[in-house]
Structures are given as C-alpha cells and as structure tokens.
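These are my notebook entries on what I looked up in one structure. I set them down in the order in which I went through the topics.

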Amino acid sequence: MERFVIEGGVPLSGTTGVRPSKNALLPCLAATLLTDQTVTFSDSADLMDIASMLDLLRHLGVETDGEPGGPLTLRASSLSGLEAPYELVRKMRASIVVLGPMLARGGRARVSLPGGCAIGARPVDQHLKALEAMGAEITVDHGYVEATAKRLRGADVVFDMATVGGTQNVLMAAVLAEGESVLHNSAREPEITDLADLLSKMGARIEGAGTDTIRVRGVSSLAGARHTCIPDRIEAGTLLMAGLITGGHVTVSPAVPDHLEALLAKLRAMGAAIRVDGGAIGASCLGGLNAADVMTAPFPGFPTDLQAQFVALLTRARGVGTVKETIFENRFMHVPELARMGADIRVDGNVAMVAGSDLSGAPVMASDLRASACLVLAGLCAEGKTEVRRIYHLDRGYQRLEERLQALGARVRREKD
Ligand code: UD1
C-alpha cells in the first residue's frame, strides 16, 4: 500500500492545472452506450474510477481507444452484453449510471446493486422508481437489479430528493424514450449540465438542465459527438484550500468560478482574497482567516465533497466554525484522524464544531476519497511529519496530487509500505 509523507509548514505558491471532472466524465462515458456512433472526449483524468468505467463499458461491448489521462474515443456499435457484474460494479458505485442507457438502448439491463460505502448507505431507490414510472419492469434479486422495457415511455418523474446519479441515470433513459419526460426536483450540479450538453450534441432534446425541472423529448436514435468535460470543481476547490491552509497563494486553471461560488463566497467571508480572471481562480490571505459556519447542500449549495477539506481549513482559522453535513450520514471520519494531529473538534450528530488550533504531524489513516484530501491538507500545514496512509482512496479522485503539490512547493512524497 502507498502513503504520502508530508513535511508541513511550507506556504504553497504558484499556478496549477485542474483535470477534467471525474464525476462529469463517468456519466458522459456511460452515455456512449446510447449510440452506435463514435463519441470522442478531448481529455480525461488518469484515475482508477475512469479505468473501472472503461473496463465496464468494454465488458458491455464498447470499443475504446485511448488511456485515462488523455483523449478517449468510444464506440458502442452493438452491445454484446447487458450485464454489469458485481466484480466490476463493486469497484465503483457510480457504475449504476449504466442502467438507464443500457435499458434505453438494449431494452434490458442487469446491474449489480452498488451497495453502501464508508460515508453512507447510498440507496438507488430513486433511480429505480423513476425508471418504473417510464414503463420498466424492475426486480431486485440476489444483489442485482434486473430491468426490462421494450421501449421506455416518457413520464413525469418527481425525485424525493435531489440525486445527482439518479438525475443522470433517468436523463439518459429519457433521451431515447417515446414521448416527453419531465424530471421534477432534479439535481442541478454542473456535472448534470455537462452530461446534458453532451447528450444534446448527440441529438437529444433537453431543456432545463441545471434547473430543478428538466424536460426531455425522446428521439429514436442518437449520433456521435465530440466533447470536453468540465474541469473538476472539487479538485480546484481542494487545491485553493491547500494554498490557504499553508498561508500561501495558489491559482487554479482551468476552473469555472460559477461552479465554485458557494466555496468562494465562504472563503471571502473568512477574509481570503479571491481573484477571478477568466478561467483562473486565485486565493490568498494575508491577515489569516476567521472561522465561518457551513452547511452542505445540493448545488448551488456548499458541496459535501469539499466538506472534509473545509474542516481541515477551519483548524487554521480564528474562532470556532460549525460544519453541518446534510447529504451523507457518516461523513466525519476525518475528524478522529485530525484529532490525532491536535485538532480541537467536537462532533454532535451531523454537526462538527471546529476551533482553531495548531496541528502537529502524525501518522493518519485515510477512510474515503475526500477524507484523504482533508488529511493531506492538514499535513501540509502541520508542524513536522505527517504520514497519510491508504492513499489509494485519494488516487480515486485526484490524478497524482503529490506532483501538483510539489510543483507548488510542498514537501510531499509518495512511499510504498
Ligand atoms: C454524487 C457524486 C458524489 C457526491 C454526491 C452528492 C458522482 C460519481 N458522485 O454521488 O461525489 O458526494 O453526488 O453531491 O457523481 N439517495 C437516496 N436514494 C437514491 C439516490 C440518492 O436516498 O436513489 C440519497 C443518497 O444516499 C444521499 C443523497 O441522496 O444521501 C444524495 O445522493 P446522490 O446525489 O445520488 O449522490 P451520488 O450520485 O451517489
């Protein structure tokens, strides 16, 4: 297993790149199942999750060309299999987004249930309920979802909560359904708008992506397209906070400021100077940061995927800040690890109260993707040496993060056990 060894205390400075968004790429790659034509992505991220999605798509009969981290070309001339097996799905929960497109194109799909993960139970009931409303017959047996539908029909769907994966799955089913679908209470995340952009290029008729009501008029077939996925807003936010936590100044590019507004507004309120220049965002702070209160919420609210990193940042701020997690039920696993580094944090239910304190380096254990990023940030500002173990969690979402941190001046290296 690999770990990061970090010597803390170096203010980061400079400009760093941001890779294409993993969470945008995953559904966009699944969308290639909807057409027998070629879909090309100008760039991708070199991440295990992207490799896992490509493995799954190849298993379903998609021809792929290119490697994660570079341009990718996919063509699903015909689907050779309509089953996403447990061995492939268990590696990555987001595999469930193949269900909608497989069903829409092939009339049948058998997909292993993804199951929970460290941060929560993460059911997929909303995905299934919506597909049933569109005429699919669905059974859940032996850990698999089995769905059949000769041709899906457009339907009015009301999601009980804003679900990113659910909205994506149902949107991909609706584009090839017969008639009109209206998706009420849809999630509004930029990754959904990006998917809708790709689908529209392929010939889908979609209105309202990025709002909570998405209207889709089904078409009988879709064509190929070329697409560039949006830059990863979570990676950009993590790198900006890495700069601030060390008292340095980091600029990220490319980035879309609108995608990060909730974070940027909070950082400004804490006393950070934020500079936006086209597709570049810079953050610095001369006089230190003041604490702030944050509540995670679906977009355009504060992203749950930046919550752990924000908790790390609050340990460096003056005063006490509270962080309320409203999306996932078990997303404070970074807190006991931060406490081992000297952080003063009290958790009560889904609220963490974080008091500013000096951190000292320690061996810590990453429990999930964003918790690992939080611990790396803590290590960057802690006095002395921090070892972040189980860095494979980090590698699922950040392409060789240590190289970018090194380029900004951080003393961080990857070591094998
Ligand atoms: C996506 C992101 C993840 C992010 C999350 C919330 C990807 C690959 N992952 O995950 O990084 O943290 O959005 O912004 O894009 N829920 C149900 N039933 C459902 C679906 C969801 O109860 O059928 C619940 C979930 O348990 C969770 C909440 O709704 O509490 C939001 O989940 P959802 O938006 O679906 O998250 P993902 O798409 O899995």
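I began with a term that I needed for naming places: helices (H or I, at least four residues) and strands (E, at least two) are DSSP runs, numbered from the N terminus. I also noted that the model is predicted.

**Entry 1. Positive phi values**

I looked up N185, which lies in the loop between β11 (180–184) and α7. Its phi is near 55 degrees, a positive value in a residue other than glycine. I recorded N185 as partly exposed because its relative accessibility is 31%, and partly exposed stands between under 20% for buried and over 50% for exposed.

I then turned to R390, found in the loop between β23 (385–389) and α13 (392–395). Phi of R390 is near 60 degrees, again a positive value in a residue other than glycine. With a relative accessible area of 33%, R390 is partly exposed.

I marked such values for a reason: most residues other than glycine have a negative phi, and most peptide bonds are trans.

**Entry 2. Cis peptide bonds**

I looked up the bond between S253 and P254 and found a cis peptide bond with omega of about 0 degrees. P254 is placed in the loop between β15 (249–252) and α9 (261–269).

A cis peptide bond also joins F299 and P300, where omega is about 10 degrees. I located P300 in the loop between β18 (294–295) and α10.

**Entry 3. R19**

Which residue did I find 8.2 Å from P254, C-alpha to C-alpha, although 235 residues separate the two along the chain? It is R19, which sits in the loop between β2 (13–16) and α1. R19 counts as buried, since its relative accessibility is 18% and the cut-off for buried is under 20%. Not counting residues up to four places away in sequence, R19 touches D43, S44, A45, G69, P231, D232, E235, Q399 and R404.

**Entry 4. Helices α1 and α7**

I looked up how helix α1 (residues 22–30) meets helix α7 (residues 190–201). Their axes come within 9 Å and cross at roughly 35 degrees, and the crossing is right-handed. On the α1 side I listed N23, A24, P27 and C28, which meet E191, D194, L195 and L198 in α7. By class, this contact has 5 nonpolar, 1 polar and 2 charged residues.

I then checked Q168, in helix α6. Leaving out residues up to four places away in sequence, Q168 touches N23, P27, V97, E191, I192 and L195. Among these, N23 and P27 belong to the α1 side of the contact just described, and E191 and L195 to the α7 side. Q168 counts as buried, at 4% relative accessibility.

**Entry 5. E178**

I found E178 in the loop between α6 (164–174) and β11. Leaving aside neighbours within four places in sequence, E178 is in contact with R151, L152, R153 and G154. The C-alpha atoms of E178 and S112 are separated by 26 Å, and the two residues are 66 apart along the chain.

**Entry 6. Helix α10**

Is helix α10 enclosed or open to the outside? I recorded that 8 of the 8 residues of α10 (residues 307–314) are buried, so the helix is largely enclosed by the rest of the structure. The buried residues are Q307, A308, Q309, F310, V311, A312, L313 and L314.

From this helix I chose Q307, which counts as buried at 0% relative accessibility. Apart from neighbours within four places in sequence, Q307 is in contact with T296, F302, V323, E325, R331, F332 and H334. I also noted V294, which is 13 residues from Q307 in sequence and 8.5 Å from Q307 in space, C-alpha to C-alpha.

**Entry 7. The second largest pocket**

I ended with the second largest pocket, whose volume is about 210 Å³. Which of its 15 lining residues are the closest to its centre? They are L244, I245, T246, G247 and R316. The elements that give two or more residues to this lining are α8 (233–245) and α12 (369–381). By class, I entered 8 nonpolar, 5 polar and 2 charged residues for the lining.

Key: Residues are numbered from 1 along each chain as its sequence is written. This is a predicted model: local features need pLDDT of at least 70, side-chain atom pairs count only at pLDDT 80 or more; totals for chains, interfaces and linings use all residues. Side-chain values use heavy atoms; hydrogens and water are left out. On a 1 Å grid over the protein atoms alone, a cavity is a set of points where a 1.4 Å probe fits but cannot get out, and a pocket is an open set with protein on both sides within 12 Å along at least five of seven lines; lining residues have an atom within 4 Å of a point. Grid points are joined across faces, edges and corners, and a volume is the space filled by probe spheres set on the points. Ala, Val, Leu, Ile, Met, Phe, Trp, Tyr, Cys and Pro count as nonpolar, Asp, Glu, Lys and Arg as charged, and the others, Gly among them, as polar. Buried means under 20% relative accessible area, exposed over 50%, partly exposed in between (1.4 Å probe, protein chains only). Axes are lines fitted to C-alpha atoms, for helices over the stretch in contact, and angles run from 0 to 180 degrees between N-to-C directions. A crossing is left-handed if the near helix is turned anticlockwise from the far one by less than a right angle, and right-handed if clockwise. Contact means heavy atoms within 4.5 Å.
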